[in-house]
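Visitor: Please examine one part of this structure closely, and then place that part in the context of the chain as a whole.

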Amino acid sequence: MSTLRLGDIAPDFHAETTQGPIDFHEWLGDSWGVLFSHPADFTPVCTTELGTVANYVPEFTKRNTKVIALSVDGLDSHKEWIKDINETQNTEVNFPIIADENKEVANLYDMLHPNASDKFTVRSVFVIGPDKKIKLTLTYPASTGRNFDELLRVIDSLQLTANYSVATPANWKDGEDVVIAPAIPDSDIPAKFPKGHTPIKPYLRLTPQPNK
């Protein structure tokens, strides 16, 4: 299994989920997507993560982004565990969880890291664009819950880049100034960025966030 890299087409697959069978690319449609794995059902950190994602679904939806989780447990296990997530996290799990008992999808996406665990998936994250290409990969250890505010921040940044020819600086937050892409010549800036810009260096030019 070769490592999936940024810009690669996210592998397509058919899978059973808690919301019925899906073909991944067809399910994504024209949306952005977040595919994330968790080590196992009925585990503490995973319970908090899936509850958090359920509460964040409206934020993902605002960004035209679908979320889908995966573990190597079965469908019956997932459905029982969802009851615990809903109860303990004060939510309703409203996104699909892939049942991957045969580890087909986990192997397709290199989610099994033998030196970490020979049985469970690590906490992998893939952000996938509407073109089905991988835009972001993250891998967390089993002991560290993910920061889903950071995932939303990254999706905001990726979508700005896709739509406006800008990049985002370190620690950028939604609403702050962004960086004009180096490929944009100075002569094109007034037309493309009517809010104006601040030249710091010839290669570092800031402009107000275009979609605010």
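**A hairpin and its surroundings**

Guide: In this predicted model, Ile 128 has Ile 134 of β7 standing opposite. This pair belongs to the antiparallel arrangement of β6 and β7 (residues 134–140), two strands that are joined by six bridges. Together β6 and β7 make a hairpin, with five residues separating the two strands. Within that turn, Lys 132 adopts a positive phi of about 70 degrees.

Further along the hairpin, Ser 124 is a residue of β6. Is Ser 124 buried or exposed? Its relative accessibility is 2%, and the limit for a buried residue is under 20%, so Ser 124 counts as buried. Leaving aside residues up to four places away in sequence, the contacts of Ser 124 include Leu 35, Phe 36 and Ser 37, all three of which fall within the range of β3 (32–37). Ser 124 also touches Leu 138 and Thr 139, two positions that lie in β7 (residues 134–140). The remaining contacts of Ser 124 are Met 111 and Arg 146.

The hairpin is part of a broader sheet. Seven strands form an open sheet of mixed pairing, in the order β2-β1-β5-β4-β3-β6-β7. β2 (22–23) and β7 occupy the edges and have a single partner strand each, so one side of each has no neighbour in the sheet. In general terms, strands of a sheet pair through backbone hydrogen bonds, in either a parallel or an antiparallel sense. Both senses occur here: β6 and β7 run antiparallel, whereas β4 and β5 (residues 97–99) run parallel and are joined by three bridges. Ser 71 has Ala 99 of β5 as its bridge partner.

The strands of this sheet also contribute to the nonpolar interior. The largest nonpolar core contains 25 residues, and Val 34, Phe 36, Leu 50 and Phe 95 have the most contacts inside it. At least two residues of this core come from each of β3, α2 (44–62), β4 (65–71), α3 (75–89), β6 (123–128) and α5. The largest share, six residues, is supplied by α2. Phe 36, already named as a contact of Ser 124, is also touched by Phe 95. Beyond residues up to four places away in sequence, Phe 95 further touches Leu 50, Val 53, Ala 54 and Val 57, positions that lie in α2 (44–62). The other contacts of Phe 95 are Thr 18, Gln 19, Val 67 and Ala 69. A second core, separate from the largest, has 21 residues, among them Trp 27, Leu 28, Tyr 109 and Ile 134. Ile 134, the residue opposite Ile 128, therefore belongs to this second core. As a general matter, nonpolar side chains tend to be buried together in soluble globular proteins.

The loop that follows β3 deserves separate mention. Phe 42 is located between β3 and α2 and, although not a glycine, has a positive phi of about 55 degrees. With a relative accessible area of 45%, Phe 42 is partly exposed.

Away from the hairpin, there is another sheet. It is open, comprises four strands in the order β8-β9-β11-β10, and has antiparallel pairing. Its edges are β8 (166–167) and β10 (198–201), each with a single partner strand, so one side of each is left without a neighbour in the sheet. Two bridges pair β8 with β9 (residues 178–180) in the antiparallel sense, and Val 166 has Ile 180 of β9 as bridge partner. Asn 171, in the loop between β8 and β9, has a positive phi of about 60 degrees without being a glycine. Asn 171 counts as exposed, with a relative accessibility of 64%.

The largest pocket has a volume of about 200 Å³. Five residues of its lining come from helix α5 (residues 148–164), which is the largest share. The lining includes Asp 156, Gln 159, Leu 160, Asn 163 and Tyr 164, together with Trp 172 and Asp 174. By class, there are five charged, four polar and three nonpolar residues in the lining.

Finally, the chain as a whole provides the setting for these parts. It has six helices and eleven strands, and its C-alpha atoms fill a box of roughly 60 × 40 × 30 Å along the principal axes. Of its 212 residues, 45% count as buried. Among contacts with a separation of 6 or more, 66% are between residues 24 or more positions apart.

How values were computed. Residues numbered from 1 in each chain as written. Predicted model: local features only at pLDDT ≥ 70, side-chain atom pairs only at ≥ 80, totals over all residues. Heavy atoms only, no water. 1 Å grid on protein atoms, 1.4 Å probe; cavity = no way out; pocket = protein on both sides within 12 Å on 5 of 7 lines; lining within 4 Å. Points joined across faces, edges and corners; volume = space filled by probe spheres on them. Nonpolar A, V, L, I, M, F, W, Y, C, P; charged D, E, K, R; others polar. Pairing = 2+ DSSP bridges. Core = buried A, V, L, I, M, F, W, Y, C linked by side-chain atoms within 4.5 Å. Buried < 20%, exposed > 50% of the residue type's maximum accessible area, 1.4 Å probe, protein only. Contact = heavy atoms within 4.5 Å.
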